[in-house]
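Student: I am new to this structure and would like a close look at a single part of it. Could you take one helix and walk me through what surrounds it, step by step?

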Amino acid sequence: MAIERTLSIIKPDATARNITGQIISRLEAEGLRVIAQKRVWWKKKDAKAFYEVHKGQPFFKDLITFMTSGPIVLQVLEGEDAIAKNRAVMGATNPVDAEPGTIRKDFAVNLQRNSVHGSDGPETAKREIALCFKKSEIVG
């Protein structure tokens, strides 16, 4: 198994409910190490740059509005097979389909307000991490 890095976002619905610590605890319990972390409030330009891959989708405008509605916690996670491990801990994107005990099953409000985001592959992780963190902010 390879040591990887992945981006994790704790979304506005989770920060508003003050469950950030519970989410981080679950990630760490699965062997993921937080090597960079910051709490920010994205401007529309930040969210649009991050989610540009979804531009043109019917949900894009609502996604941008949601992701700029409150503070988020950006993290770089590191560990063996970090991308797959993070996605397993998060659960399916739609909380209705998520397995019991996953973050989305336990904390999500609905499909959009599903509490967390995680990179879906190595190239995406590199792009997302570079968008959100300077190299000097990542301390492995």
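Tutor: What follows is a walk around helix α7, its two faces, its neighbours and the pockets that it helps to line.

Please keep in mind throughout that this is a predicted model. Helix α7 covers residues 122-132, and the question to begin with is which of its residues are buried. They are Ala125, Glu128, Ile129 and Cys132. Seen down the axis of α7, these buried residues fall within an arc of 100°, so they line one face of the helix. The face turned away from that buried side carries Glu123, Lys126 and Ala130, which are exposed.

What, then, does the buried side of α7 pack against? Its buried residues meet β1, β2, α3 (44-50), β3, α5 (82-90) and β4 (116-118). A single residue of one of these neighbours helps to make the packing concrete: Leu7 is found in strand β1, and with a relative accessibility of 0% Leu7 counts as buried. Setting aside its neighbours within four places in sequence, Leu7 is in contact with Glu128, Ile129 and Cys132, among others, and Glu128, Ile129 and Cys132 are buried residues of α7. The contacts of Leu7 also include Phe50, Gln75, Asn86 and His117. In the case of His117, the two residues stand 110 places apart in sequence, while their C-alpha atoms are 7.9 Å apart in space.

His117 leads on to the largest pocket, which has a volume of about 560 Å³. Of the 22 residues that line this pocket, the closest to its centre are Tyr51, His54, Leu63, Thr93 and His117. Both β4 and α7 supply at least two residues of this lining, and the largest share, four residues, comes from α7. By class, the lining of the largest pocket holds seven nonpolar, eight polar and seven charged residues.

Helix α7 has a part in the second largest pocket as well, where about 170 Å³ of space lies. The residues lining the second largest pocket are Glu4, Arg5, Ile83, Pro122, Ala125, Lys126, Ile129 and Ile138. Here, too, α7 gives the most, with four residues, and β1 and α7 each supply at least two. This lining divides into five nonpolar, no polar and three charged residues.

One member of that lining, Arg5, deserves a closer look, since its side chain meets that of Glu78 in a salt bridge, with N and O 2.9 Å apart. Arg5 lies in strand β1 (residues 3-10) and Glu78 in strand β3 (residues 72-80), so the pair ties together parts that are 73 residues apart in sequence. Arg5 is partly exposed, at a relative accessible area of 37%, whereas Glu78 is buried, at 16%.

A further salt bridge is found in the segment that comes after α7, where the side chain of Glu137 meets that of Lys38 at 3.1 Å, N to O. Glu137 lies in that segment and Lys38 in strand β2 (residues 33-40), so this pair ties together parts that are 99 residues apart in sequence. Glu137 is partly exposed, with a relative accessible area of 30%, and Lys38 is likewise partly exposed, with 24%. A search of the whole structure finds seven salt bridges, the two described here among them.

Definitions and conventions
Residues are numbered from 1 along each chain as its sequence is written. This is a predicted model: local features need pLDDT of at least 70, side-chain atom pairs count only at pLDDT 80 or more; totals for chains, interfaces and linings use all residues. Side-chain values use heavy atoms; hydrogens and water are left out. A salt bridge is a side-chain nitrogen of Lys or Arg within 4 Å of a carboxyl oxygen of Asp or Glu. Buried means under 20% relative accessible area, exposed over 50%, partly exposed in between (1.4 Å probe, protein chains only). The arc is that of the directions from the helix axis to the C-beta atoms. Contact means heavy atoms within 4.5 Å. On a 1 Å grid over the protein atoms alone, a cavity is a set of points where a 1.4 Å probe fits but cannot get out, and a pocket is an open set with protein on both sides within 12 Å along at least five of seven lines; lining residues have an atom within 4 Å of a point. Grid points are joined across faces, edges and corners, and a volume is the space filled by probe spheres set on the points. Ala, Val, Leu, Ile, Met, Phe, Trp, Tyr, Cys and Pro count as nonpolar, Asp, Glu, Lys and Arg as charged, and the others, Gly among them, as polar.
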